[in-house]
Amino acid sequence: MRRKPQQARSQERVARILNVAEQMFIEAGYQDTTTRAIASRAEIPVGSLYQFFPDKAAILKALAAKYIEQERQIFADLHTEEAIALSLSVYVERVLDTYDRFYTANPGYRIVFEQLLKATPEVPLSMYEEMEIPLSAELQKFLARRKPSLDPAQCELIATISVEVVGTLQWLSLHRDEFFRAKVVDETKKLILGYLKLYLDE
């Protein structure tokens, strides 16, 4: 962004730009959406849009950053004190179902990251790392609290592998029909549950 909004009015304007742009990316596609069209639909002067975003690519990156922060917050909210006492099966079910609902409720997620991969492959990679590191760190802390006898290095490895595997399979699930997506989610649950049981045997 050219500048971050400080006042409530500016923050509301930026939020409206992002919401409208995402909807237009879903409806018309990224390539066929222009900044002028976004500004018109958001009912703001195009000059106001350019105060915050120099171009359409910057809007796309801002949407990706928003999704990354939402994913990080969702994961943090799942790891409560109560979650430590859950059975592994319930814990895995809760985490995977929560993220599945998030992706289903946000069809723009796939479109945003797909377009970033096409336009600038290095950008989604760096953004993914920004998300992956805090998610792995959060899971690592959770594993250590759930089973204090686990070696810290082992906790880090388990967390990293789990986040990588789930992230890859979730991305796969977004690229096929609803039946296949649901099957991928179910199989991911089985895979991760079996893996975690090796180290968090109940």
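1. A helix here is a DSSP run of H or I of at least four residues, numbered from the N terminus. In that sense arginine 146 belongs to helix H8, a stretch covering residues 122-146. The coordinates discussed in this note are those of a predicted model, and the points below should be read with that in mind.

2. On overall architecture, the protein contains 10 helices and zero strands, so that, by the DSSP assignment, the order of elements from the N terminus reads α-α-α-α-α-α-α-α-α-α. The C-alpha trace spans about 60 × 40 × 30 Å along its principal axes. When contacts between residues at least 6 apart in sequence are considered, 71% of them join residues at least 24 apart.

3. On confidence, the mean pLDDT of the protein is 90, and 92% of the residues reach 70 or more. Which helices mark the lowest and highest confidence? Helix H8 has the lowest mean, at 82, whereas helix H2, made up of residues 35-42, has the highest, at 96. Remarks on arginine 146, which is found in helix H8, therefore concern the helix where the predictor's confidence is lowest.

4. On surface and charge, the protein exposes about 10900 Å², and carbon and sulfur atoms supply 56% of that area. Of the 202 residues, 44% are buried. The charged side chains comprise 26 positive and 29 negative ones, and the centres of these two sets lie 6 Å apart.

5. On the interior, the largest nonpolar core has 59 residues, and those with the most contacts inside it are Ile38, Phe53, Ile59 and Leu196. Helix H4 (residues 56-78) contributes the largest share of this core, with 11 residues. As background, nonpolar side chains in soluble globular proteins tend to be buried together.

6. Isoleucine 38 merits a separate look, as one of the core residues with the most contacts. Once its neighbours within four places in sequence are set aside, isoleucine 38 is in contact with Ile17, Val20, Ala21, Met24, Phe25, Thr33, Leu49 and Ile59. Among these partners, Ile59 is itself listed with the residues that have the most contacts inside the core.

7. Around helix H2, two loop residues can be compared with the accessibility cut-offs. Threonine 34 sits in the loop between helix H1 (8-28) and H2, and it is partly exposed because its relative accessible area of 42% falls between the limits of 20% and 50%. The C-alpha atoms of threonine 34 and glutamine 23 are 13 Å apart, with 11 residues separating the two along the chain. Glutamate 43 lies in the loop between H2 and helix H3 (46-52), and its relative accessibility of 71% makes it count as exposed.

8. What is the phi of glutamate 43? It is near 60 degrees, a positive value in a residue other than glycine. Most residues other than glycine have a negative phi, and a reviewer may wish to look at the backbone there.

9. Glutamate 81 lies in helix H5, which covers residues 81-84. Is glutamate 81 buried or exposed? With a relative accessible area of 60%, glutamate 81 is exposed. Its C-alpha atom is separated by 9.3 Å from that of phenylalanine 142, although the two residues are 61 apart along the chain.

10. Two buried residues complete the note. Isoleucine 192, in helix H10 (residues 178-197), is buried with a relative accessible area of 5%; leaving aside neighbours within four places in sequence, isoleucine 192 is in contact with Val92, Ser162, Val165 and Val166. Isoleucine 192 and leucine 169, 23 residues apart in sequence, have C-alpha atoms 11 Å apart. Arginine 146 counts as buried because its relative accessibility is 18%, under the cut-off of 20%. From arginine 146 to serine 136, 10 residues away in sequence, the C-alpha to C-alpha distance is 15 Å.

Note on methods
Residues are numbered from 1 along each chain as its sequence is written. This is a predicted model: local features need pLDDT of at least 70, side-chain atom pairs count only at pLDDT 80 or more; totals for chains, interfaces and linings use all residues. Side-chain values use heavy atoms; hydrogens and water are left out. Buried means under 20% relative accessible area, exposed over 50%, partly exposed in between (1.4 Å probe, protein chains only). Contact means heavy atoms within 4.5 Å. Accessible areas come from the Shrake-Rupley method with a 1.4 Å probe; for residues, only the protein chains shown count as cover. Lys and Arg count as positive and Asp and Glu as negative; His and the chain ends are not counted. The place of a charge is taken as NZ of Lys, CZ of Arg, CG of Asp or CD of Glu. pLDDT is the predictor's confidence in each residue, from 0 to 100. A nonpolar core is a set of buried Ala, Val, Leu, Ile, Met, Phe, Trp, Tyr and Cys residues joined through side-chain atoms within 4.5 Å.
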